[in-house]
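This report describes selected strands, cores, cysteines and individual residues of one protein model. The sequence and structure are shown first.

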Amino acid sequence: MKTSIATVSISGSLPEKLEAIAGAGYDGIEIFEQDFIAHDGGPREVGRMIRDHGLEITLFQPFRDFECLPEPLRSKAFDRARRKFDVMQELGADRILVCSSVHPRSLGGIDRAAGDLAELGAIAQERGIYVGYEALAWGRHVNDHRDAWEIVRRADHPNIGLILDSFHTLGRGIDSESIRAIPGDKIFFVQLADAPAIDMDLLYWSRHFRNMPGEGDLDIRSFMQAVMATGYAGPISLEIFNDQFRGNNPRGVAEDGYRALISLMDDVRRAEPDTPVDLPEIPARVKAQGVSFIEFAAQGDEADRLSAFLATLGFRRTGRHRNKAIDLWQQNDIRIVVNAETEGHAAHAWNARGTCICDIGLSVTSAQDTVARATALGSAPFGQPVAPGELNIPAIRGLGGSVLHFIDAESGLDQVWELEFTPVDQDGAEAGLMRVDHLAQTMSYEDMLSWTLFYTALFEMEKSPMVDVIDPDGLVRSQVVEAPDGALRITLNGAETHRTLAGRFLAENFGASVQHIALTTEDIFATAEALGRQGFEPLPIPQNYYDDLAARFDLSADFLARLQAANVLYDQENGAEFFQLYSRVFAGGMFFEIVQRGPGYTGFGGPNAPFRIAAQKRLERHKSVPKA
């Protein structure tokens, strides 16, 4: 399978785009004419530059407003085509995209269009060039791939074929099953783009909101199943127009696209095993079984303060690493690792960010399969020297400098705590915290799609609709990715400005991602009492919040008083109850959340988020006071 991406999909100069595309692992590029024209080198030089990057030119595009024109426009269109063919031959490109005309003087007519394409095919054949015809969703006369195919069929020329674009088909709501009837050798090229479900003008939607397969709401998999069922064996390419991507790092966008392509085609192969997909075998999406451990990097006095804070949450230090300055803190199924090493990944993270979460360990069905799939999707493996008696736990580099380790039972990796840690018998009372409910990761809004794609391509996880969270100083976008059984939940919070609580955490901690950890309890009030005995200071919630609860829900005065006394927030979802208790912010903006989920509650207390944020901001230093 040949992977390709249109140069228009990412930002930068042409050399920068080529470097990013080659580095992400693609086989080729669609060279967008504007990128070529804006470059200061001639076509032969550009062709050499592309090939020097190990890439090929899979398509030259676009050629607009060609068919069905009256004279003298028709003759001029053929003259333009010959000039483009000249350029293509110097570039070393043999395939061009002709999109259906939007010219106001286009006459239309299937036979007229077929005749023009047949004549163009004869000219192209003399040059060894193949012409692909594409139906634009907003084409003046042709806006449906079925009509475009009929024109190609009637043109009946070996150098004229069809180009299919998922956006143009799915954006108009056309059934992609109709593609199955098209001979695969007459499909000359396939372009892919997803998009969020937005009711707007098709052209504007296409030019500004396309995204990578799996990042939107279009049924790209069914589209590609239909394409591959035809026997198509050509390049599979991304053509993305997105304002957000145009301002992002080109390498990151290219890597997202590669991850999306490989994941999509693996899905296609699994959905229709009899359909040939020329893709190396990779493991299926892995089932995530929960959070195995959360590792903090902390040194000196900061490590002591973190340890004291964990004790107020009912954690006990249960182990000390045999070879390293690493402590294990535990409460039921929750493991928190405090790494005070002065060398290695944790030390680098601490030097850059201070106390932070530097590593997350996930329990999975197969650690080996997780890393194999992740690397096939473009992630880099992560490793550090392993001392005698230590386990080599598989890991990858995630996004934004994050590291993920994977632990399973089948390979014995879940024995790491017994093998590598010396037990420590520390006194202390637990507070009834049972397991990790969810992790909340903070990133810039522009990076949210990347994180969503990362998780949903690697694991059996589903994404929720994106919602807005109101901060007194701006807006934060939030989206949940979650395992079907809820074993792993991650909330992704995209900050649009550094003035928000999330944005300031991101800015002041140099890109640290995990901002808060939510832990479950079966009795929020018993936990609150136990925490109070340990010296835990909850986030204070104002009287106004509880007065509003009395208006929103049918709650008794005694119950409201109990909530208020414990600083517990409350929500309901279809009658199911949800309770939240927050710690105060520590170590540069992180915090813990303690939750109790009633049976059937699937949310995350979203209605309470603005009040929680406001309460946290009240305890911050005043905005006019500089950070020490």
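## The β24-β25 hairpin and its neighbour

In this predicted model, strands β24 and β25 form a hairpin with 2 residues between them. Within the turn, Asn574 has a positive phi of about 50 degrees. Strand β24 covers residues 569-573 and is joined to β25 by 5 bridges, the two strands running antiparallel. In this pairing, Asp571 stands opposite Phe578 of β25.

Strand β25 (residues 576-582) also pairs with β26 (residues 591-597), again in the antiparallel sense and over 5 bridges. Here Tyr582 of β25 stands opposite Glu593 in β26. Strand β25 is mostly covered, as 6 of its 7 residues are buried.

## The parallel strands around β6

Strand β6 has parallel partners in β5 and β7. Strand β5 (residues 130-134) is joined to β6 by 4 bridges, and β7 (residues 187-192) is likewise joined to β6 by 4 bridges. Ile163 of β6 takes part in the register with both partners: Glu134 stands opposite Ile163, and Ile163 in turn stands opposite Phe189 in β7. The connection from β5 to β6 involves helix α6 (residues 145-155), and the three elements make a right-handed β-α-β unit.

How many of the 6 residues of strand β6 are buried? For β6 (residues 160-165) the count is 6 of the 6, so this strand is largely enclosed by the rest of the structure.

## Nonpolar cores

The largest nonpolar core holds 98 residues, of which Leu192, Met224 and Met265 touch the most other members. Helix α11 gives the most to this core, with 9 residues. Apart from this core lies another one of 87 residues, including Ile334, Met443, Leu492 and Tyr545.

Leaving out residues up to four places away in sequence, the contacts of Leu192 include Pro213, Ile220, Phe223, Met224 and Ile236. Leu238, Ile240, Leu261 and Leu264 are also among the residues that Leu192 touches, as are Ser166, Ser237 and Glu239.

## Cysteines

The structure holds 0 disulfides. Cys99 is accordingly in no disulfide, and its nearest cysteine sulfur, that of Cys68, is 13 Å away. Cys99 is buried, with a relative accessible area of 3%.

Why does the sulfur of Cys358 form no bond with the closest cysteine sulfur, in Cys356? The two sulfurs are 5.8 Å apart, which is too far for a bond, because a disulfide requires cysteine sulfur atoms within 2.5 Å. Cys358 counts as buried, at 5% relative accessibility.

## Two buried residues: Asn248 and Ile326

Asn248 lies in the loop between α10 (243-246) and α11 (250-271). Is Asn248, at 15% relative accessibility, buried or exposed? Asn248 counts as buried, because the cut-off for a buried residue is under 20% relative accessible area. When neighbours within four places in sequence are left aside, Asn248 is in contact with Ser11, Val253, Glu446 and Asp447.

Ile326 belongs to strand β11 (residues 326-331) and counts as buried at 8% relative accessibility. Beyond residues up to four places away in sequence, Ile326 touches Gly319, Arg320, His321, Val337, Val338, Asn339, Glu341 and Phe421. Between Ile326 and Gly532 the separation is 206 residues in sequence and 28 Å in space, taken from C-alpha to C-alpha.

Key: Residues are numbered from 1 along each chain as its sequence is written. This is a predicted model: local features need pLDDT of at least 70, side-chain atom pairs count only at pLDDT 80 or more; totals for chains, interfaces and linings use all residues. Side-chain values use heavy atoms; hydrogens and water are left out. Buried means under 20% relative accessible area, exposed over 50%, partly exposed in between (1.4 Å probe, protein chains only). Contact means heavy atoms within 4.5 Å. Two strands pair if DSSP finds at least two bridges between them. A crossover is right-handed if, with the strands pointing away from the viewer, the path from the first strand over the helix to the second runs clockwise. A nonpolar core is a set of buried Ala, Val, Leu, Ile, Met, Phe, Trp, Tyr and Cys residues joined through side-chain atoms within 4.5 Å.
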